[in-house]
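Reader: I have a model open and want to learn how to read its features. Could we go through them one at a time?

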Amino acid sequence: MEEQLDDLNKEHGDIYVWRMGTQVMVFLHSYEMCKEAFARQEFTHRPDWLFFNPSNEKVALGVGGSNGPHWHTNRRFTLRQLKNQGMGKSTLVSGIHEQANMLIGKFQEQAGKSAAVPYAIRVAVVNVIWHMVASITYDVDDPKLKEFMQLMDDFGEMTYYSTFLDIFPWLRNIPAFLKNRLFALDQVEITDQKFMNYFYEVIKEHKSSLDPENPRDLIDSYLLDTEGMEQEEVIRSDKDLALLIFDLFFAGSETTYSTLTFAMYYLAAFPEAQRKLQEEIDRALPGDVLPTLEDRASLPYLEAVLHEVLRMTSLVPGGVQHCASRDTHFAGYTIPKGSIINTAAASIHYDSRYWDRPESFFPERWLDEEGKFCAKKEGFLPFGVGKRVCLGESLARMELFILAVAVFKNFTISPPPGTPSTRRSTQPDPADVPRAKEVRILRNLRVRKLKMKIEEACMTIWIMVEDLRMKKIEEP
Ligand code: HEM
């Protein structure tokens, strides 16, 4: 799909229409256009698609798929609550540290073996959301959590089928048995219901122990919230709350842990970059500590690596669709009401107008001459841009920062033996399911070497290598 978009871009320029089924899809290929378009009210809507309204409500609920005053109220509420629960603040750091320590333990168990990236990486990210939403932290082996993860996977796969009904909406009118046969809609409904029941149970528990003076988390705050209730379009219901929570998990978990997983792939493929990062971490955080938000300034190379991974992986390559809520003039064209507006994010992230040698993994592009991190804005929109920009961006950044330090401070990641150690073709296939791939985690004994028992003969080699590194770091 990205290649086709690139071809269309070459042929038609930065804005063109691609009709898919009955849908008029407008693609934007320049950062400036995306910035201008998504700052406009008339391009803030989500399309009337099953993807955004999986429960097929009269009006879409929650935050990611809703529109108008209901979306506005829920977005404000959710942002405020995520901040109250510590997003972007030091109050959440200890919660993320807890997950980071869990992650270190699980990586330790896998050290020295070639295996898929541990499931614990997903757990860490999902647990942070559970903590903020419902004051729950699951044990990594909890069967209830495993069931929840499975539901998320199933749901993710099923949305693929509903896309056909969004692109060809007349298919919604074919007989139900045929629709179920072709698009597994009955399965989508069953999975959706299981998800909802999951959240309803947690909401019920919260209602029974609610203390209006001491809201514990996002669910309590929603139950007590009255903002926007004077407006007819604003809905407050268990279903709306359940869908809002669903949106946070759906939008905020796979995106974040896949970014971290891709960081591991990239740094396994580019050992020199991994070594540089580990040296920086050693200098900034000697001893056995995890970082706080204040340490960001002393870890510019880590910031650079994370930004470069976000750019190169472009996990949301076509952006999340917006819809024109009325006929609009834009960039010299008339965009008819109902057109679907797409951000060609992956294309922009590889556009040589914004990036020198865009195909190269080159974290240094994010550093100035003194090695300080400089946040470049033009041409960078992994979280979208404008009124509907990702509302969990600072949470994702916090998690990525702390969890990445936990991983690379304690472990060295390498490709499984037999795979070429450096892969120069740097663009991963966005269709890859990261957790299905393998990496090899090597214990990083730089910091812990005195504490650890040496169990395997091959570990000695790694210690020798690590010892040399320690000497090098200590040199003035
Ligand atoms: C690396 C991690 C992440 C990436 C790359 C990412 C990316 C995005 C993108 C591209 C959008 C669409 C913006 C648009 O419509 O133009 C979005 C929306 C959204 N994101 Fe994220 N996101 C990440 C993490 C998170 C986290 C941690 C949360 C919260 C727990 C979150 C919650 C949301 C929500 C609720 C929306 C919908 C906002 C709305 O429709 O108003 N995201 N994200």
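Reader: Let us take Arg357. Is it buried, partly exposed or exposed?

Author: Buried means under 20% relative accessible area, exposed means over 50%, and partly exposed lies in between. This is a predicted model, and the value is computed from it. Arg357 has a relative accessible area of 44%, so it is partly exposed. Arg357 sits in the loop between α14 and α15.

Reader: What is the sign of phi at Arg357?

Author: Positive, at about 45°, although Arg357 is not a glycine.

Reader: Where does Ala331 lie?

Author: In the loop between β5 (328-330) and β6 (333-335). Ala331 is not a glycine, yet its phi is positive, about 50°. With a relative accessible area of 39%, Ala331 is partly exposed.

Reader: Now a buried arginine. Why does Arg236 count as buried?

Author: The cut-off is under 20% relative accessible area. Arg236 has 18%, so it counts as buried. Arg236 lies in the loop between α9 (218-224) and α10.

Reader: Which side chains make polar contacts with the side chain of Arg236?

Author: Look for pairs of N or O atoms within 3.5 Å. One polar contact, of 3.0 Å, is with the side chain of Asn74. Another, of 3.5 Å, joins the side chains of Arg236 and Asp240.

Reader: Which residues is Arg236 in contact with, leaving aside neighbours within four places in sequence?

Author: Thr73, Asn74, Phe77, Tyr222, Asp225, Glu227 and Met229. Asn74 is thus both on this contact list and a polar partner of the Arg236 side chain.

Reader: Next, Gln274. Is it buried or exposed?

Author: Gln274 is buried, with a relative accessible area of 3%. Its place is in helix α12 (residues 271-284).

Reader: What lies 2.7 Å from a polar atom of the Gln274 side chain?

Author: The backbone nitrogen of Ile413. Leaving aside neighbours within four places in sequence, Gln274 is in contact with Leu267, Ala268, Phe408, Phe411, Thr412 and Ile413.

Reader: And Ser94, is it buried or exposed?

Author: Ser94 has 52% relative accessibility, so it counts as exposed. Ser94 belongs to helix α4 (residues 93-110).

Reader: How far apart are the C-alpha atoms of Ser94 and Thr292?

Author: They are separated by 8.7 Å. Along the chain, Ser94 and Thr292 are 198 residues apart.

Reader: Let us turn to strands. How do I read the faces of one?

Author: In a regular strand the side chains alternate between the two faces of the sheet. Take strand β2 (residues 23-28). Gln23, Met25 and Phe27 are on one side, and Val24, Val26 and Leu28 are on the other. Both faces are covered, and these residues are all buried. The strand's tally is six of six residues buried.

Reader: Which strands pair with β2, and in what sense?

Author: Strand β1 (residues 15-20) runs antiparallel to β2, joined by six bridges. Strand β7 (residues 340-343) pairs with β2 in the parallel sense, over four bridges.

Reader: Which residues stand opposite each other?

Author: Between β1 and β2, Ile15 has Leu28 as its bridge partner, and Arg19 stands opposite Val24. Towards β7, Met25 stands opposite Ile340.

Reader: How many residues lie between the strands in the hairpin of β1 and β2?

Author: Two. Gly21 in this hairpin takes a positive phi near 60°.

Reader: Last, the ligand. Which protein atom is a donor of its iron atom?

Author: The SG atom of Cys390, at 2.3 Å, is the only protein donor. Cys390 is found in the loop between α14 (345-349) and α15 (393-410).

Reader: How many residues surround the ligand?

Author: 23 residues surround it, and the closest are Arg46, Arg75, His322, Arg388 and Cys390. The shell divides into 12 nonpolar, eight polar and three charged residues. Helices α3 (68-84), α10 (238-252), α11 (254-269) and α15 each supply at least two of the shell's residues.

Reader: Which side chains have polar atoms 2.8 Å from an oxygen atom of the ligand?

Author: Arg46 has one at that distance. Trp71 has one too. In His322, an N or O atom of the side chain is 2.8 Å from a ligand oxygen.

Terms used. Residues are numbered from 1 along each chain as its sequence is written. This is a predicted model: local features need pLDDT of at least 70, side-chain atom pairs count only at pLDDT 80 or more; totals for chains, interfaces and linings use all residues. Side-chain values use heavy atoms; hydrogens and water are left out. Buried means under 20% relative accessible area, exposed over 50%, partly exposed in between (1.4 Å probe, protein chains only). Donors are N, O and S atoms within 2.8 Å of the metal (3.2 Å for Na, K and Ca); water is not among the atoms, so sites may look incomplete. Two strands pair if DSSP finds at least two bridges between them. A residue is near a molecule or strand if one of its heavy atoms lies within 4 Å of it. A polar contact is a pair of N or O atoms within 3.5 Å; within protein, one must be able to donate a hydrogen and the other to accept it, and residues adjacent in sequence count only if both atoms are side-chain atoms. Ala, Val, Leu, Ile, Met, Phe, Trp, Tyr, Cys and Pro count as nonpolar, Asp, Glu, Lys and Arg as charged, and the others, Gly among them, as polar. Contact means heavy atoms within 4.5 Å.
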